[in-house]
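Here's a look through one model, going from a patch on the surface to the packing of the helices and a few single residues. Have the chain open while you read.

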Amino acid sequence: MGDENVWLRPATMEDMELLFQWANDPVVRKNSFSTEEISFEEHQRWYLDLLSRNDRRQYIYMCGQEPTGQIRLSISGETAEIGYSVCALKRGKGHGTKILKLICVEVEKNIPEVKRLIGKVKDENIASQKAFLDAGYCEEK
């Protein structure tokens, strides 16, 4: 992975279909707290609502010019809960750790009212647990 150019950009309407495909990836569904497959109509309603809200932020994680993952913040006061995923072809290459580090920088720079980032991870999702710890997050039970 070396010094490749990785960055976050705010999601736009044009990302709706890509995020729909990623959301229904079997591994993403299995690791989600809501495991049912999502219909496009349901996703469209959810996404339009998401983009209109001040307490949500959705970003696309880019490797150079290639969308590689997504990360979302649900903001409540000084705390933001993280939800993220990496596209199937790029998993196991350290992108989870990178996306989690990048969101810290983004929050510090552009959402300074948020003082605490948290991520809830299923017990069996070892890869995500490791990504959070490798990115410098602390484990709480």
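Met-13, Leu-48 and Leu-51 together make a nonpolar surface patch of about 240 Å². Patches are built from residues with over 30% relative accessible area and no salt bridge, joining like charges within 9 Å and nonpolar side chains (Val, Leu, Ile, Met, Phe, Trp, Tyr) within 5 Å. A salt bridge here is a side-chain nitrogen of Lys or Arg within 4 Å of a carboxyl oxygen of Asp or Glu, and accessible areas come from the Shrake-Rupley method with a 1.4 Å probe, counting only the protein chains shown as cover for residues.

This is a predicted model, so local features need pLDDT of at least 70 and side-chain atom pairs count only at pLDDT 80 or more, while totals for chains, interfaces and linings use all residues. Residues are numbered from 1 along each chain as its sequence is written, and side-chain values use heavy atoms, leaving out hydrogens and water.

Back to the patch: Met-13 sits in the loop between strand E1 (6-10) and helix H1 (16-23). Helices (H or I, at least four residues) and strands (E, at least two) are DSSP runs, numbered from the N terminus. With a relative accessible area of 39%, Met-13 is partly exposed; buried means under 20%, exposed over 50%, and partly exposed in between (1.4 Å probe, protein chains only).

Now for helix H3 (residues 40-52). Its 13 residues should span 18 Å at 1.5 Å a residue, and the end C-alpha atoms are indeed 18 Å apart; the expected span is 1.5 Å times one less than the number of residues. What is tucked away on H3? His-43, Tyr-47 and Leu-50 are its buried residues. Seen down the axis of H3, they fall within an arc of 60°, so they line one face of the helix. The arc is that of the directions from the helix axis to the C-beta atoms.

The buried residues of H3 pack against H1, strand E2 (56-63) and strand E3 (66-76), where contact means heavy atoms within 4.5 Å. Turned away from that buried side are the exposed Glu-41, Arg-45 and Ser-52.

H1 has Met-16, Leu-19, Phe-20, Trp-22 and Ala-23 as its buried residues. Down the axis of H1, these fall within an arc of 165°, so they line one face as well. Their cover includes helix H2 (26-31), H3, E2 and E3.

On to helix H5 (residues 126-134), with Ser-128, Ala-131 and Phe-132 buried. Those residues fall within an arc of 95° down the axis of H5, so they line one face of the helix. They pack against E4, helix H4 (95-110) and strand E5 (116-119), while Ile-126 and Lys-130 are the exposed residues on the face turned away. After H5 comes Gly-136, with a positive phi near 95°.

Here are three strand residues.

| Residue | Strand | Relative accessible area |
|---|---|---|
| Pro-10 | E1 | 55%, exposed |
| Ser-76 | E3 | 55%, exposed |
| Ser-85 | E4 (residues 79-86) | 9%, buried |

Which residues does Ser-85 contact, leaving aside neighbours within four places in sequence? They are Val-28, Gly-69, Gln-70 and Ile-99. Counted that way too, Pro-10 touches Asp-15, Gln-58 and Tyr-59. The C-alpha atoms of Pro-10 and Leu-51 are separated by 9.9 Å, with their positions 41 residues apart along the chain. For Ser-76 and Arg-56, 20 residues apart in sequence, the C-alpha to C-alpha distance is 9.2 Å.
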